[in-house]
Amino acid sequence: MPKVNELLSPLMQRMGVASSTYTGGTLVVCSPIDGSELGRVHIHEQEEVTKTIDAAQQAFMTWRHIPAPRRGELIRLLGEELRLAKSDLGQLISLEAGKVLSEGLGEVQEMIDVCDFAVGLSRQLYGLTIASERPGHRMMETWHPLGVVGVISAFNFPTAVWSWNFALAIVCGNSVVWKPSEKTPLTALASQALFERAAKRFGDAPAALSQLLVGAREVGEALVNHPKVALISATGSTRMGREVGPNVARRFARSLLELGGNNAVIITPSADLDLAVRGILFAAVGTAGQRCTSTRRLIVHSSIKTSLLERLKKGYQALPIGNPLTAGTLVGPLIDRASFQSMQQALANARAEGGEVFGGERVLQEQFPHAYFVKPALVDMPAQTDTVRHETFAPILYVLGYDHFDDALAIQNDVPQGLSSAIFSNDLREAETFLSVAGSDCGIANVNLGTSGAEIGGAFGGEKETGGGRESGSDSWRAYMRRATNTINYSKELPLAQGVRFDV
Ligand code: UN1
């Protein structure tokens, strides 16, 4: 097998990324697969950030006049480019983020799907008409684009989350400035290059409709604090969101936050355990536990806890861990050393709180001395301790027991985060209660499937410390537009609302 970093340049070349954009910069990008250097990307200076946002504002001023269905045509072309480049972009995601290839390809499929969705939306940006209380009057709602949309994305979905925001923001008439994770700028460069191909075929899209800003915290801060950025859509940790949210609010701009998750699966006595084991395995160890929707907690009825744990241990033992580009691998590496360390710290804390840990240790150290492959960990916990309530972005699954269904619901909800949740049950009462107001308090609640791997058609996001934002499907497009309420008087009188008299 060729060295990991030798795989890069043919992929980049085929996707139309000039090598000058990923060599010679100061941001060193390494593959989590073997720690080898993939490229060096230019970090944007403060001045460039300002220039970029000014150019985005100019692009918006033109783009907003293009009819929405024509804007949809640009996204249709992007979807075509993504279809053609699916294999290359999927491999690049594996190289740079360490996902197994099938998940890298799945990420690109998610982008294609959201493009299709946005093309349809471009003819459905509907407003309501409202019955006026005044004779000879009509009321309606008009939706207008916001302006410059800033997208901040995380390493674990290095481009799909951008595409959810981008495809919708563009058909809604905005321009977009994207700050990708500094751990995955190459996937961003490739996505931008594919967009540029689409834009070229489209013909007259303004030049700065889609731009990239690469850098660490300072670049993100400059984007967040810039008065011309109307919406910041940020995906990442709750800690990051705690800074972004108030800063955006301080200037009365909008934010769409998709932050931490601490997703649980409840397994009740009537559950189909074959299904549950498969669902749990994918959601807990897929993407090496590095999805915001990964299952981190299992809440299992005491009567089946021991047998389920045994089955899970067997499943965990058999997991093919290794090079994510090799066929058959299911668990790739952690993103970096810091991630490995925080996983080990969490396991040590869980032990100190009475947890019994299976797995969790580093593996393949000889073959990959500069990468961090781990055995996913199962932790049998006596209770929902502070460590369990904290999100560690690594493959750790805490297993908790319950006796009464109400307690299972209480444990599920008793964490600061509220992204995704699931129940495995064939008992209609339990399943419906879980989905009811008295059930899960999360933005996503599933029955008989895991917590991760949502389709793009639904609104994606969660409550509490997850940040409250919704992106992707359903009516999430509204977040990228502003609503105007219009009243039109087609009579020759001027009646006032609420019957007020003001005769002059
Ligand atoms: C994320 O981890 O930030 O539902 C997004 C899922 C994917 C998206 C995850 N469709 O797991």
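User: How many bridges join strand 5 to strand 6?

Analyst: Keep in mind that we're looking at a predicted model. Strand 5 covers residues 148-152 and strand 6 covers residues 175-179, and the two run parallel. One of the pairings is Val148 with Ser175 as its partner in strand 6. The number of bridges joining the two strands is five.

User: Which strands stand at the edges of the sheet with the order 7-6-5-8-9?

Analyst: This one is an open sheet of five strands with parallel pairing. An edge strand has a single partner strand, so one side of it is left without a neighbour in the sheet. Here that fits strand 7 (210-212) and strand 9 (254-258).

User: Which strands does helix 9 touch on that sheet?

Analyst: Helix 9 takes in residues 238-250 and packs on the sheet. Its direction makes about 165 degrees with that of strand 9. The strands it touches are strand 8 and strand 9.

User: Are helix 5 and helix 6 roughly parallel or roughly antiparallel?

Analyst: The axes of helix 5 (residues 101-121) and helix 6 (residues 160-171) come within 9 Å and cross at roughly 15 degrees. Angles under 35 degrees count as roughly parallel, so helix 5 and helix 6 are roughly parallel.

User: What classes of residue make up the contact of helix 5 with helix 6?

Analyst: Helix 5 brings residues including Met111, Val114 and Leu121, while helix 6 brings Trp164 and Leu168, among others. Glu107 and Glu110 of helix 5 also take part. By class, the tally is ten nonpolar, one polar and two charged.

User: Which strands stand at the edges of the open sheet of seven strands?

Analyst: The order there is 12-15-16-11-10-18-19, with mixed pairing. A strand with a single partner has one side left without a neighbour in the sheet, so the ends to look for are strand 12 (356-358) and strand 19 (444-447).

User: What is the bridge partner of Ser421 in strand 19?

Analyst: Strand 18 (residues 420-424) pairs with strand 19 in the parallel sense, over four bridges. Helix 15 (residues 428-435) lies across both of these strands and strand 10, running at about 170 degrees to strand 19. In strand 19, the partner of Ser421 is Ala445.

User: How many charged residues are in the shell around the ligand?

Analyst: The residues around the ligand include Asn156, Phe157, Thr235, Cys292 and Ser452. Glu110 and Arg291 are on the list too. Next to four nonpolar and five polar residues, the number of charged ones is two.

Conventions. Residues are numbered from 1 along each chain as its sequence is written. This is a predicted model: local features need pLDDT of at least 70, side-chain atom pairs count only at pLDDT 80 or more; totals for chains, interfaces and linings use all residues. A residue is near a molecule or strand if its C-beta atom, placed from the backbone, lies within 6 Å of it. Ala, Val, Leu, Ile, Met, Phe, Trp, Tyr, Cys and Pro count as nonpolar, Asp, Glu, Lys and Arg as charged, and the others, Gly among them, as polar. Axes are lines fitted to C-alpha atoms, for helices over the stretch in contact, and angles run from 0 to 180 degrees between N-to-C directions. Angles under 35 degrees count as roughly parallel, over 145 as roughly antiparallel, 65 to 115 as roughly perpendicular and the rest as oblique. Two residues are in contact if their C-beta atoms, placed from the backbone, lie within 7 Å. Two strands pair if DSSP finds at least two bridges between them.
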